[in-house]
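I opened this notebook to keep track of what I look up, one topic at a time. The sequence and structure come before the entries.

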Amino acid sequence: MRALGSVLLIAAGLMVVLVVTLVAFGMPLGPSLNWLYEGALGSPQGRARSLVNMTPLLITGLGIGIAWRAGMINIGGEGQYVVGGLLGATMYKLAPNLNPIALNVTILVAGCVGGGLYASLAGWLSVRRGVQVIISTILLNFIAIQMLDWAVNGPLKEHKGQLPMTDMLPQSAMLARYSVSTDLHAGVFYALALAPLCALWLFRSRAGFVLRVVGNNPAVAEANRLSPGRVKIQAMAISGALCGLAGGIQYTAVAGQLARSFSQDWGFLAIPVALLGGLNPLGTVLSAGYFGALFAGTDTLARFVRGGSAILFVIQALAVFGFVAAGRWVERRRREAAP
């Protein structure tokens with residue numbers, strides 16, 4: 001009952017933030033809300049767009065949440081997402097004639113491995129060399145984006161050598177789509193299935209418990225003969241694997257080929273999504289769903305109102321500020337009420 005109350009409170013808060021933002025931008029409130037609704041939920045195409053937008057936000061948000069639970073502030077979701085897509089495209093370049101189903105699975109696995117190894121590097125630098133994980137993951141983002149640019153202009157360039165992009169994946173190797181009129185694909189259901197699995201692992205397994213202990217109090221973990229450094233590197237590996245999987249799914253379900261535009265900031269946008277979800281996998285589903293719908297809705301809003309797409313980022317920022325402020329207020333009240 002308490003959790004439901006928190007969810008309703010956050011939903012009401014997000015609605016208030018949305019209304020205040022629309023008013024602050026001088027947009028007509030009633031029509032704007034209607035356009036947002038029509039674009040996000042008012043038709044099968046809108047609902048499909050919302051779910052498709054939700055997918056990379058949810059998977060990368062799950063990854064960000066797991067790392068942060070271990071005390072590793074992973075800002076590198078975008079880089080890990082890009083590396084996941086890059087390694088997937090490399091697999092296709094190396095084995096273009098592989099059975100389509102095997103090729104699809106290989107690409108997704110390669111995405112997980114690539115993202116996991118890339119994030120592990122930041123974890124290792126933090127634990128073994130004392131490099132701030134915030135700094136290293138930010139810098140690794142830039143390196144990943146430059147690698148993408150180099151790869152699509154170099155070794156992964158399409159076979160005619162004319163355009164800076166990879167060859168298109170054959171349709172048979174793409175993830176299943178369920179309707180010709182929408183982009184709804186199987187990756188949506190992979191993402192929704194991952195959330196409860198992450199929640200079970202985080203809150204019902206010994207490994208998840210150890211990870212949370214390390215994140216909450218590394219000294220207590222060390223006193224209990226746990227290894228905070230090893231756990232933190234593992235958390236980064238899992239986090240990066242999820243972000244890399246998001247890149248692999250986006251490659252095999254939506255893009256079909258890589259170009260410089262493959263980096264669309266999903267990994268960055270997932271940070272407020274994870275925070276608003278309370279770093280809880282189930283909360284992240286709601287948060288990613290809200291912002292996925294907002295992405296779809298603002299596409300429609302932007303057709304009728306100037307600056308319609310900009311409100312998305314304002315709402316994200318205001319919502320995170322509000323969430324952090326509310327958390328601090330609750331924490332202070334608890335401290336004051338404590339004997």
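The entries below go from the whole chain down to single residues.

**Entry: the kind of model**

I noted before anything else that this is a predicted model.

**Entry: the whole chain**

I counted the secondary structure elements and got 13 helices and zero strands in the protein chain. Read along the sequence, the pattern is α-α-α-α-α-α-α-α-α-α-α-α-α. I then looked up the radius of gyration, which is 21 Å, close to the 20 Å that the globule rule gives for 339 residues, so the protein chain is as compact as a globular protein of that length. Along the principal axes, the C-alpha atoms fill a box of roughly 70 × 60 × 30 Å.

**Entry: inside and outside**

I asked what share of the 339 residues is buried. The figure is 47%. For the surface, I wrote down an accessible area of about 16,300 Å² for the protein chain, with 65% of it belonging to carbon and sulfur atoms.

I also looked up how far apart in sequence the contact partners are. Taking contacts between residues at least 6 apart, I found that 74% join residues at least 24 apart.

**Entry: the largest nonpolar core**

I looked up which residues touch the most other members of the largest nonpolar core. They are L57, L169, Y251, L258 and F291, in a core of 84 residues.

I picked L169 from that group for a further look. With its neighbours within four places in sequence left aside, L169 is in contact with Y92, L103, I107, M174, Y251, T252 and G256. Y251 therefore appears in my notes twice, as a contact of L169 and as one of the residues that touch the most other core members, where membership is limited to buried residues of certain nonpolar types.

**Entry: helix α8**

Helix α8 covers residues 206-216, and I listed its buried residues as G208, V210, L211, R212, V213 and V214. R212 is on that buried list, so I checked the cut-off, and buried means under 20% relative accessible area. What covers these residues? The cover includes α3 (44-69), α7 (187-204), α9 (218-223) and α10 (228-255).

**Entry: helix α11 and the loops beside it**

I asked how many of the eleven residues of α11 are buried. Ten are, so α11 is largely enclosed by the rest of the structure. The buried ones are W266, G267, L269, A270, I271, P272, V273, A274, L275 and L276.

I then went through the backbone angles on both sides of this helix. D265 lies in the loop between α10 and α11 (266-276). Its phi is near 70°, a positive value in a residue other than glycine. D265 is partly exposed, with a relative accessible area of 37%.

After α11 comes G278, and its phi is also positive, near 70°. L279 sits in the loop between α11 and α12 (281-304). L279 is not a glycine, yet I noted a positive phi of about 55° for it.

**Entry: a nonpolar patch on the surface**

I looked up a nonpolar patch on the surface and found I73, I134, I135, I138, L139 and F142 in it. Together they have about 490 Å² of accessible area. I135 belongs to helix α6 (residues 133-153). Is I135 exposed, partly exposed or buried? With a relative accessible area of 47%, I135 is partly exposed, because exposed means over 50%.

**Entry: the salt bridge**

Side chains of opposite charge can pair when their charged atoms come close. I looked for such pairs, and the structure holds one salt bridge. It joins the side chains of D183 and R177, at 3.3 Å from N to O. I checked the accessibility of both partners. D183 is partly exposed at 41% relative accessibility, and R177 is partly exposed at 36%.

**Entry: Y178**

Y178 is found in the loop between α6 and α7. It is partly exposed, with a relative accessible area of 49%. Leaving aside neighbours within four places in sequence, I listed its contacts as L184, H185, A186 and F189.

**Entry: R303**

My last look-up was R303, which has its place in helix α12. R303 is exposed, with a relative accessible area of 61%. I compared its position with that of P56: the two are 247 residues apart in sequence and 24 Å apart in space, C-alpha to C-alpha.

How values were computed:
Residues numbered from 1 in each chain as written. Predicted model: local features only at pLDDT ≥ 70, side-chain atom pairs only at ≥ 80, totals over all residues. Heavy atoms only, no water. Buried < 20%, exposed > 50% of the residue type's maximum accessible area, 1.4 Å probe, protein only. Helix = DSSP H or I, 4+ residues; strand = E, 2+ residues; numbered from the N terminus. Contact = heavy atoms within 4.5 Å. Core = buried A, V, L, I, M, F, W, Y, C linked by side-chain atoms within 4.5 Å. Patch = residues over 30% accessible without salt bridge, like charges linked within 9 Å, V, L, I, M, F, W, Y side chains within 5 Å. Areas by Shrake-Rupley, 256 points an atom, 1.4 Å probe, with all protein chains shown as cover. Salt bridge = Lys/Arg side-chain N within 4 Å of Asp/Glu carboxyl O. Rg over C-alpha atoms; globule rule 2.2 N^0.38 Å.
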